[in-house]
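Student: I would like a close look at a single part of this model, taken slowly and with the numbers kept in view. Could you choose one part and build the picture outward from it?

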Amino acid sequence: MKKKNEIENFLKKFSLKDFNKTHMVNKYFEFFDLNKLLSSNHYNIYKPEKHDLSRIHFLILNRKVISYLEFGSGYSTLFAAHAISILKYFFYDYVKDKFRYDNPFHIYSIEESKKYLTVAKKLCKKYQNFISIKYSPVDITVDNFKLVQSYRDLFDINPDFIYLDGPSTSSNRKKVNGLSFNNNFRMPLSIDILKYEYLIEPGSFILVDGRVTNAIFLKNHLSRLWKIKRDLEGDVFFFELQDDYLGKLNKEKIKFCLKNKWML
């Protein structure tokens, strides 16, 4: 394990745009020896995207993420767990005593496919103590005249980082009024983040991987003070909840996680 100051000084050399540059991504991988996490790529199911994975890893470390929630499991789960394990090593005792988390520095992953759930658990076996992965079917419903997707079984947690990379358009073949998501021209549209919006604290962060329609949907329907930025080159959206702090503990958490400085 590298020293805390060494890690912090290294992270200062990076910005979000750097994860669109191959030489910077390779530099990041080398420092944390992340290529070893890809050595288990023998399932022939996932295609690891080093730019995306290093971006997730960086965001978790740089923001000192305490509770990570993702929709869709895979290599993102593994890289998130690696980053979380570093934070837990240095900050677990402080966070456990200071903030209201039942299970600080933990990964929560929701998966629509039982097949991919099994693969993800095998892939992340080394970090299984840092991860909770569960299967959930996906429902198709109409919400305020909009056809949307929704996981049936969510985690009852307070995430400060949400990674949106699921569900797929093939997760449910149901039609509503003749419309479905199960075709080649339809884009995924999950509504689940809206359910969490008033349950999470200022300082929380959302990363949407691709899913432009879903990101625009969230932009139009989230109602708190979110700062939103699109990275066209990286094909991602960033959302940062910049509401006024809720109270003393939330203020101290923002100071601890972000050093009182918004990222966006």
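Tutor: Let us begin with Phe10, which is buried because its relative accessible area is 5%, below the 20% that sets the limit for a buried residue. The structure is a predicted model, and every value below is computed from it. Phe32 likewise counts as buried, at 7% relative accessibility. A search of the whole structure finds 26 aromatic pairs, and Phe10 and Phe32 make up one of them, with an edge-to-face arrangement in which the centres are 5.8 Å apart and the planes stand at 80 degrees. Phe10 belongs to helix 1 and Phe32 to helix 2, residues 22-32, so this pair ties together parts that are 22 residues apart in sequence.

Another of the aromatic pairs brings together Tyr68 and Phe161, whose ring centres lie 5.4 Å apart with the planes at 20 degrees, so this pair is stacked. It links distant parts of the chain, since Tyr68 sits in strand 1 (residues 67-71) and Phe161 in strand 6 (residues 161-164), 93 residues apart. Tyr68 is buried, with a relative accessible area of 0%, and Phe161 also counts as buried, at 0% relative accessibility.

Returning to Phe10 and Phe32, we find both in one aromatic cluster, which they form with Phe14, Phe19, Tyr28, Phe31 and Phe58. Phe58 takes us from this cluster to helix 3, where it is one of the buried residues. Helix 3 is mostly covered, with 10 of its 13 residues buried; besides Phe58, the buried residues are Asp52, Leu53, Ser54, Arg55, Ile56, His57, Leu59, Ile60 and Leu61. From its first C-alpha to its last, helix 3 reaches 18 Å, which is close to the 18 Å expected for its 13 residues at 1.5 Å a residue.

Phe58 also leads to the largest pocket, where it lies nearest the centre together with Asn62, Arg63, Leu258 and Met263, among a lining of 25 residues. Helix 3, given as residues 50-62, is one of the elements that contribute two or more residues to this lining, the others being helix 1 (4-11), helix 4 (75-98) and helix 8 (248-258). The space in the largest pocket comes to about 600 Å³, and its lining residues divide into 15 nonpolar, 2 polar and 8 charged.

Two lysines can be placed in the same account. The charged end of Lys50 sits over the ring of Phe29, 4.5 Å from the ring centre, while Lys64 lies over the face of Phe256, at 5.7 Å from the centre of that ring. Lys64 follows helix 3 and has a positive phi, near 50 degrees.

Lys64 has a further role in the description, as one of the residues that line the largest cavity. The search of the whole structure finds 1 cavity of 30 Å³ or more, and the largest cavity has a volume of about 80 Å³. Alongside Lys64, its lining consists of Arg63, Val65, Ile66, Asp160, Pro202, Gly203, Ser204, Lys253, Ile254, Cys257 and Leu258. By type, the residues of this lining divide into 6 nonpolar, 2 polar and 4 charged. Arg63 and Leu258, which appear in the lining of the cavity, are also among the residues nearest the centre of the largest pocket.

Definitions and conventions
Residues numbered from 1 in each chain as written. Predicted model: local features only at pLDDT ≥ 70, side-chain atom pairs only at ≥ 80, totals over all residues. Heavy atoms only, no water. 1 Å grid on protein atoms, 1.4 Å probe; cavity = no way out; pocket = protein on both sides within 12 Å on 5 of 7 lines; lining within 4 Å. Points joined across faces, edges and corners; volume = space filled by probe spheres on them. Helix = DSSP H or I, 4+ residues; strand = E, 2+ residues; numbered from the N terminus. Nonpolar A, V, L, I, M, F, W, Y, C, P; charged D, E, K, R; others polar. Expected span 1.5 Å × (residues − 1). Buried < 20%, exposed > 50% of the residue type's maximum accessible area, 1.4 Å probe, protein only. Phe/Tyr/Trp six-rings, centres within 6.5 Å; stacked < 30°, edge-to-face > 60°. Lys NZ or Arg CZ within 6 Å of the ring centre and 35° of its normal.
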